[in-house]
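This report is meant for someone meeting the structure for the first time. It moves through a few parts of the fold in turn, and the sequence and model are shown just below.

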Amino acid sequence: MVNSELSGWYALCAVDDLVATRVLAREVFAHRLAVFQDELGHVAVLDDRCPHGGLPLALGRVDNGLLVCAGHGWRFDAQGRCRVVPSSCSAEPLPACTPVRRYPVATHAGYHWVWIGKGTPFSLPLTFELPELGRAGIRVLQLRYRVRCEYQDAIDNLVDITHLPFVHVFPHMRDIDRRLLISLVEIETDLDQVVLRAGTPSQGSADAIAERRIEITFAAPTTVRLDFPRPAAGAASAMVACFVPQADDTTIVESTIVFPAADDSTAFTVARLDASADDPFSTLGRILDEDLVILVAQGRERRLSTAPDLVVAGDAMVAACRQHAKARSAGRIPAARTKRFLCRCGTEVPNWPVAE
Ligand code: FES
Ligand SMILES: [Fe+2]
């Protein structure tokens with residue numbers, strides 16, 4: 001698992017999850033992290049290990065912007081330097097220990113992010129703002145959940161749209177046109193992201209296509225955004241999912257879903273059901289369970305993108321995302337290109353609504 005570590009930005013927590021006096025414990029790959037806010041409200045991320053007695057720093061608390069270790073009360077600042085040893089007389093010099101390792105952090109789109117890996121952090125993609133947040137008539141569902149599979153499989157699963165009507169028995173999923181493959185229209189790669197735009201030309205008129213569009217955006221190494229533009233509903237629905245790899249085959253997903261309360265289209269039925277249920281995770285949890293059965297059964301050797309001779313157009317997004325993540329992690333600049341897929345029978349999508 002640790003061998004598959006890719007350099008990049010990883011979501012740590014929703015901004016609202018970090019409160020002034022609390023230290024959050026987080027894990028990204030094998031990195032155990034303690035997250036807190038300093039006296040100016042800036043986020044700090046340190047290795048979760050006290051240099052004094054090895055205790056996890058996340059067991060401590062925050063006082064006046066310093067992280068106080070739960071063991072013997074040593075206090076650390078946002079740079080990881082020890083500033084106070086309460087058991088020592090004030091005339092005694094502070095121990096000359098190496099500062100606790102700190103990590104680069106950023107705040108964007110309602111989340112705090114940490115840079116894990118080698119090299120200079122690249123700029124955080126600005127893809128994931130959800131301008132609909134806070135607007136009247138817009139519902140928001142924010143979920144943090146754990147899936148028992150490797151993070152790259154979980155990402156593949158979300159960007160692999162052709163599995164939907166086959167793996168899922170949930171009625172609204174079954175309704176999805178099985179010919180999504182035909183309508184896989186284009187995949188555009190640039191420095192920051194890979195975007196898939198797809199629709200269902202079998203629906204006939206251009207208006208109908210516009211109502212059945214989906215856009216999937218991937219930003220390396222682990223963030224996916226789904227957009228369901230719905231002109232008729234007057235507002236778009238969207239989901240941002242940040243996948244956070246854990247030390248073993250476990251992935252945490254931090255997700256935000258926004259959708260118009262009045263939108264009765266298929267796309268966010270799941271979110272709407274969950275938002276109105278006692279358990280906000282009931283429907284989505286069932287759908288994830290269906291995915292997990294398939295992921296486990298596939299096993300590590302039979303990933304979609306590892307058998308190039310079997311890759312069809314419908315797998316192109318999975319392959320493009322993996323390539324993008326590897327290139328970014330290695331410090332290479334992914335080549336900008338657009339690849340269009342049209343059905344071999346010649347079906348074209350009339351008046352494809354180009355994203356503004
Ligand atoms: S273990 Fe942290 S202060 Fe002793
Ligand atoms: Fe699925």
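## Strands, helices and a buried strand

Strand E2 and strand E3, the latter covering residues 31–37, run antiparallel and are joined by 5 bridges. Within this pairing, Leu24 has Val35 of E3 as its bridge partner. The model in which these pairs are seen is a predicted one, and the two strands belong to an open sheet of 3 strands, ordered E2-E3-E4 and paired in the antiparallel sense. Because strand E2 (24–28) and strand E4 (43–47) each have a single partner strand, they stand at the edges of the sheet, and one side of each is left without a neighbour there. On average, and with direction ignored, neighbouring strands of this sheet are turned by 35 degrees against each other.

Seen as a whole, the protein contains 7 helices and 18 strands. Of its 356 residues, 38% are buried. When contacts between residues at least 6 apart in sequence are considered, 57% of them join residues that are at least 24 apart.

A second sheet region centres on strand E16, which spans residues 237–245 and has 9 of its 9 residues buried, so that the strand is largely enclosed by the rest of the structure. Both faces of E16 are covered, since Ser237, Met239, Ala241, Phe243 and Pro245 on one side are buried, as are Ala238, Val240, Cys242 and Val244 on the other. Strand E16 pairs with strand E15 and with strand E17, and the table sets these two pairings beside the E2 pairing described above.

| Strand pair | Sense | Bridges | A bridge pair or opposing pair |
|---|---|---|---|
| E2 and E3 (residues 31–37) | antiparallel | 5 bridges | Leu24 and Val35 |
| E15 (residues 223–228) and E16 | antiparallel | 6 bridges | Leu226 and Met239 |
| E16 and E17 (residues 251–260) | antiparallel | 8 bridges | Phe243 and Val253 |

Two of the residues of E16 in the table, Met239 and Phe243, are listed on one side of the strand, and both are buried. Met239 is the bridge partner of Leu226, whereas Phe243 stands opposite Val253 in E17.

Turning to the helices, how do two of them meet? Two packed helices are described by the angle between their axes and the distance between the axes. Helix H1 (residues 151–159) packs against helix H7 (residues 316–329) at an angle of about 140 degrees, and their axes lie 9 Å apart. That angle makes H1 oblique to H7, and H1 passes H7 in a right-handed crossing. On the H1 side, Ile155, Asp156 and Val159 take part, and they meet Met317, Val318 and Cys321 in H7. Sorted by class, this contact has 5 nonpolar residues, no polar ones and 1 charged residue.

Helix H1 is also largely enclosed by the rest of the structure, because 9 of its 9 residues are buried. Among them are Ile155, Asp156 and Val159, together with Tyr151 and Leu158.

One further residue, Gly314, lies in the loop between helix H6 (282–298) and H7. Gly314 has 18 C-beta neighbours inside 10 Å and therefore counts as partly exposed. Although Gly314 and Asp160 are 154 residues apart in sequence, their C-alpha atoms are 7.6 Å apart in space.

Notes
Residues numbered from 1 in each chain as written. Chains lettered and ligands numbered in written order. Predicted model: local features only at pLDDT ≥ 70, side-chain atom pairs only at ≥ 80, totals over all residues. Helix = DSSP H or I, 4+ residues; strand = E, 2+ residues; numbered from the N terminus. Buried ≥ 20, exposed ≤ 12 C-beta atoms within 10 Å, placed from the backbone. Contact = placed C-beta atoms within 7 Å. Pairing = 2+ DSSP bridges. Axes fitted to C-alpha atoms, helices over the stretch in contact; angles between N-to-C directions. Parallel < 35°, antiparallel > 145°, perpendicular 65-115°, else oblique. Left-handed = near helix turned anticlockwise from the far one by under 90°. Nonpolar A, V, L, I, M, F, W, Y, C, P; charged D, E, K, R; others polar.
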